[in-house]
Amino acid sequence: RSNQLTAYDRTVEMLRSVGENSRLVIFFADPHHVETAHVAETSNKTTDTESATMNDLNDMRIRSVAAFYGQQLHGSNTRVILLTDDAESRARARKEQGDDQVYEAWTVRSWVRELEKKDPKLSLSDLVAQYGTTSHSTAGHSAEQQRTMHFSPHVDAKKLSLGVKSGLYHRGVLRSSSNTDAWVTIRRGDERVAVTIQGWKSRNRAVDGDVVA
């Protein structure tokens, strides 16, 4: 929140809108809860986390919250799922729980496939990034190469800025009401032009509200 207030506000707005559609979204302030507040504190005192990055510490806190919910909901026939594409975080989740597995750690793609088995109409697999996957067509390529094979690489920020100033690129806010079609309204002189973007590949990972060029 303190580093990217705009992204934070958009996330909160998105979660609230999801909650309006018969889904329950809980905003859990883990640093202020007695069962999870100690995690960030003690992590700085242990040898295992002396060289840990901020991302590692955040992963630790997320696993702590998942464990807390798993313990609270144990025996209620409710599954607690932690979604992460970080293989190390998933391995740590299994190791930290030991024999008492109160929550499950899945990749996003694996969970999407699970959902599609229950409802084949969803067709969400194509919208999930290919991180960490290997197939005959991508074997031998690095993760970065696999990502660029799936989506066009983003233009360098410096080139993008110069391109907008020179008129090579036009900038606008992407708006979308579905996972496929979207539109951007750009300003060309005194004229405002609506540009339609068809297909999720042409959107190149952009979501509703992103500033694109």
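Me: Two strands pair if DSSP finds at least two bridges between them. What makes strand β3 and β6 a pair?

Reply: This is a predicted model. In it, strand β3 (residues 172–176) and β6 are joined over two bridges, in the antiparallel sense. Pairing needs at least two bridges, so β3 and β6 qualify. Within this pair, Val-173 stands opposite Val-211 of β6.

Me: How do you know that strand β4 pairs with strand β5?

Reply: Seven bridges join β4 (residues 182–188) to β5 (residues 191–197). The cut-off is at least two, so β4 and β5 pair. These two strands run antiparallel. One of the partnerships links Ile-186 to Val-193 in β5. The two strands form a hairpin, with two residues between them. Gly-189 sits in that turn and has a positive phi of about 70°.

Me: Why are β5 and β6 called edge strands?

Reply: Four strands make an open sheet, ordered β5-β4-β3-β6, with antiparallel pairing. β5 and β6 (211–212) each pair on one side only, and they are the edge strands.

Me: Now the charged side chains. What makes Arg-61 and Asp-30 a salt bridge?

Reply: Their closest N and O atoms are 2.9 Å apart. The limit is within 4 Å, so the pair counts. Arg-61 lies in helix α3, while Asp-30 is in the loop between α1 (5–20) and α2 (38–43), so parts 31 residues apart in sequence are tied together. A search of the whole structure finds four salt bridges.

Me: Why is Asp-30 called buried or exposed?

Reply: Asp-30 has a relative accessible area of 12%. Buried means under 20%, so Asp-30 is buried. Its partner Arg-61 has 26%, so Arg-61 counts as partly exposed.

Me: What makes Arg-63 count as buried?

Reply: Its relative accessibility is 3%. That falls under 20%, so Arg-63 is buried. Arg-63 lies in helix α3 (residues 54–72). Residues up to four places away in sequence aside, Arg-63 touches Leu-82, Ser-89, Arg-92, Ala-93, Glu-96 and Tyr-103.

Me: How do you know that Arg-63 and Ser-89 share a polar contact?

Reply: The contact between their side chains is 3.2 Å. The limit for such N or O pairs is within 3.5 Å.

Me: How do you know that Glu-96 forms a salt bridge with Arg-63?

Reply: The closest N and O atoms are 3.0 Å apart. This is within 4 Å, so Glu-96 and Arg-63 form a salt bridge. Glu-96 is in helix α4 (residues 87–97) and Arg-63 in helix α3, so the pair ties together parts 33 residues apart in sequence. Glu-96 is partly exposed, at 47%.

Me: What makes Glu-88 and Arg-92 a salt bridge?

Reply: The distance is 3.3 Å, N to O. The limit is within 4 Å, so this pair counts. Both residues lie in helix α4, four residues apart, about one turn of the helix. An α-helix has 3.6 residues a turn, so residues three or four places apart point the same way.

Me: Why is Glu-114 said to have no salt bridge?

Reply: The nearest side chain of opposite charge, Arg-79, is 4.2 Å away. A salt bridge needs atoms within 4 Å, so Glu-114 has none. Yet Glu-114 is buried. Glu-114 belongs to helix α5 (residues 108–118). The cover over the buried residues of α5 includes β1 (81–83) and β2 (104–106).

How values were computed. Residues are numbered from 1 along each chain as its sequence is written. This is a predicted model: local features need pLDDT of at least 70, side-chain atom pairs count only at pLDDT 80 or more; totals for chains, interfaces and linings use all residues. Side-chain values use heavy atoms; hydrogens and water are left out. Buried means under 20% relative accessible area, exposed over 50%, partly exposed in between (1.4 Å probe, protein chains only). Lys and Arg count as positive and Asp and Glu as negative; His and the chain ends are not counted. A polar contact is a pair of N or O atoms within 3.5 Å; within protein, one must be able to donate a hydrogen and the other to accept it, and residues adjacent in sequence count only if both atoms are side-chain atoms. Contact means heavy atoms within 4.5 Å.
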